[in-house]
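Good morning, colleagues. Please bring up the sequence and the structure, and we shall go through the main features in order.

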Amino acid sequence: MSNSKQAVPDTLPLLRDRIDSIDSQIQMLINERAACAQKVADVKLAEQGGDAVVFYRPEREAQVLRRVMERNEGPLGNEEMAKIFRQVMSSCLALERPMRIAFLGPEGTFTQQAALKHFGKSIISAPMAAIDEVFREVESGAANYGVVPVENSTEGVVNHTLDSFRDSRLKICGEVEERIHHHLLVSPNINADDVTHIYSHQQSLAQCRAWLDRYWPHVERVAVSSNAEAARLAADAGRSGRAIAAIAGEVACELYGLVKVSSNIEDRPDNTTRFLIVGNQDVPPSGKDKTSLLISAKNEPGALYRLLEAFERHGVDMTRLETRPSLMSRWGYIFYIDFVGHYLDESCRAVIEELRERASEVKVLGSYPVAVL
């Protein structure tokens with residue numbers, strides 16, 4: 001007879017005991033991390049002084065999240081694991097100093113959803129009525145950072161955001177890409193079969209047109225100022241027994257206590273919006289960065305060619321080129337350019353130096369980590 005011990009089979013009580021033990025260890029380690037973050041804050045305050053101290057470091061957080069994804073072995077996916085660490089970092093940072101984040105409101109918009117994705121939920125949210133108000137809120141110091149949309153994969157560039165950089169001293173400190181998922185929402189006490197109107201922003205109605213034509217062809221569609229406003233109106237209507245539905249995102253659904261009739265009803269499942277994080281400081285290299293420039297070209301033959309040629313010669317990958325009318329001269333234009341790399345990288349510095357020689361104006365809008373989540 002063998003003397004080796006028989007393996008004890010897993011049972012539900014044993015598995016639950018293991019989970020409880022693991023939970024206790026996780027909780028202890030999270031609090032240990034939080035205590036360490038508090039000590040980091042004390043060191044920063046001692047070395048940098050009260051108002052000058054910078055608690056949030058975009059490049060540092062990007063590096064941490066990349067390492068989390070690189071060392072992840074599952075079964076949780078890389079992005080899910082990174083989201084967990086994102087919130088742990090957000091909670092720890094709030095112990096140092098809670099951040100006030102301005103965003104294009106109202107509450108419940110996809111811009112707020114992007115802000116929560118980038119900074120975590122342990123922030124003070126500050127909805128603004130317009131993009132230029134977000135810029136002013138950060139410039140005045142009333143908000144630590146701002147979040148604004150800059151381009152959508154189906155609708156194109158957000159011109160108001162690009163134009164706001166012309167006279168602003170703010171820097172781009174980060175970016176976040178958000179898949180735009182639309183949901184058909186109603187108040188919990190409303191029967192979906194009784195819905196008489198569907199409210200949403202006109203852009204969202206357009207992005208869900210084929211789905212609505214197929215499943216709700218006879219229900220009137222009403223365009224309102226934002227998806228969040230549509231969700232608020234649906235919630236208000238539900239309290240009075242009126243059957244109104246809204247098309248909006250996850251944050252609006254949670255904020256106004258609605259329920260989903262159908263999820264992910266957008267016609268294009270790859271619909272993605274890119275948002276920019278704007279702040280007052282330059283961001284050091286993170287190891288995987290992007291740089292944005294504003295360039296005013298000289299009005300002469302071959303001007304644009306000579307600007308672009310500098311990127312090819314120095315092997316710098318330009319990822320975006322947008323043109324906007326100049327406000328300084330008739331038929332004059334300025335260019336917004338994104339390229340891979342940090343402005344402190346040798347090849348990027350060489351490109352920028354050549355551009356300054358060939359253009360009327362070159363403004364570095366910022367170098368920042370490529371979106372991790």
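How many helices and how many strands does the secondary structure of the protein come to? The count is 12 helices and 15 strands. Please keep in mind throughout that this is a predicted model.

Let me begin with the overall dimensions. The C-alpha trace spans about 85 × 65 × 50 Å along its principal axes. Of the 373 residues in the protein, 46% are buried. Turning to contacts with a separation of 6 or more, 76% of them are between residues 24 or more positions apart.

The next topic is the division into domains. Domain 1 covers 12–48 + 60–95, and domain 2 covers 98–180 + 272–278. Domain 3 takes 183–262, and domain 4 takes 283–369. I shall consider the pair formed by domain 1 and domain 2, whose C-alpha centres lie 26 Å apart. Seven residues from domain 1 and eight residues from domain 2 take part in the contact. The size of an interface is often given as the accessible area lost when the parts come together. For domain 1 and domain 2, the buried area is about 580 Å², and carbon and sulfur atoms give 48% of that area. How many salt bridges does the rule find across the interface of domain 1 and domain 2? The number is zero.

I now move to strand β1, residues 100–104. Four of its five residues are buried, and the strand is accordingly described as mostly covered. Which strands are joined to β1 by bridges? Strand β2, residues 124–128, runs parallel to β1 and is joined to it by five bridges. Strand β3, residues 145–152, also runs parallel to β1, with three bridges joining the two. Residue F103 illustrates both pairings: it stands opposite P127 in β2, and its bridge partner in β3 is V147. Helix α4, residues 110–119, completes a right-handed β-α-β unit with β1 and β2.

Within the loop between β1 and α4 we find P106. The peptide bond from G105 to P106 is cis, with omega near 5°. A second cis peptide bond joins G74 and P75, where omega is about 10°. P75 is placed in the loop between α2 (58–71) and α3 (78–96). For context, most residues other than glycine have a negative phi, and most peptide bonds are trans. With regard to phi, N264 has a positive value near 50° and is a residue other than glycine. N264 lies in the loop between β10 and β11, and its relative accessibility of 43% makes it partly exposed.

We may use N264 as a reference point for a distance. The C-alpha atoms of E312 and N264 are separated by 41 Å, while the two residues are 48 residues apart along the chain. E312 itself lies in helix α11, residues 303–313. Is E312 buried or exposed? Its relative accessibility is 63%, so E312 counts as exposed.

My last topic is charge pairing. Side chains of opposite charge can pair when their charged atoms come close. By the rule applied here, the count comes to 27 salt bridges. I shall present three of these pairs.

In the pair of D163 and R166, the closest N and O atoms are 3.5 Å apart. D163 is partly exposed, at a relative accessible area of 24%, whereas R166 is buried, at 17%.

In the pair of D282 and K171, the closest N and O atoms are 3.8 Å apart. Because D282 lies in the loop between β11 (272–279) and β12 (289–297) and K171 lies in strand β5 (residues 171–179), this salt bridge ties together parts that are 111 residues apart in sequence. D282 is partly exposed at 42% relative accessibility, and K171 is partly exposed at 21%.

In the pair of K260 and E250, the closest N and O atoms are 2.7 Å apart. K260 lies in strand β10 (residues 259–262) and E250 in helix α10 (residues 250–255), so the parts tied together are 10 residues apart in sequence. K260 counts as partly exposed at 35% relative accessibility, and E250 counts as partly exposed at 30%.

Finally, salt bridges that share partners join E151, E175, R274, K290, R320, E322 and D338 into one network. Thank you for your attention.

Key: Residues numbered from 1 in each chain as written. Predicted model: local features only at pLDDT ≥ 70, side-chain atom pairs only at ≥ 80, totals over all residues. Heavy atoms only, no water. Buried < 20%, exposed > 50% of the residue type's maximum accessible area, 1.4 Å probe, protein only. Pairing = 2+ DSSP bridges. Right-handed = clockwise from strand over helix to strand, strands pointing away. Domains from an automatic or database assignment. Contact = heavy atoms within 4.5 Å. Buried area = accessible area lost by both parts, 1.4 Å probe. Salt bridge = Lys/Arg side-chain N within 4 Å of Asp/Glu carboxyl O.
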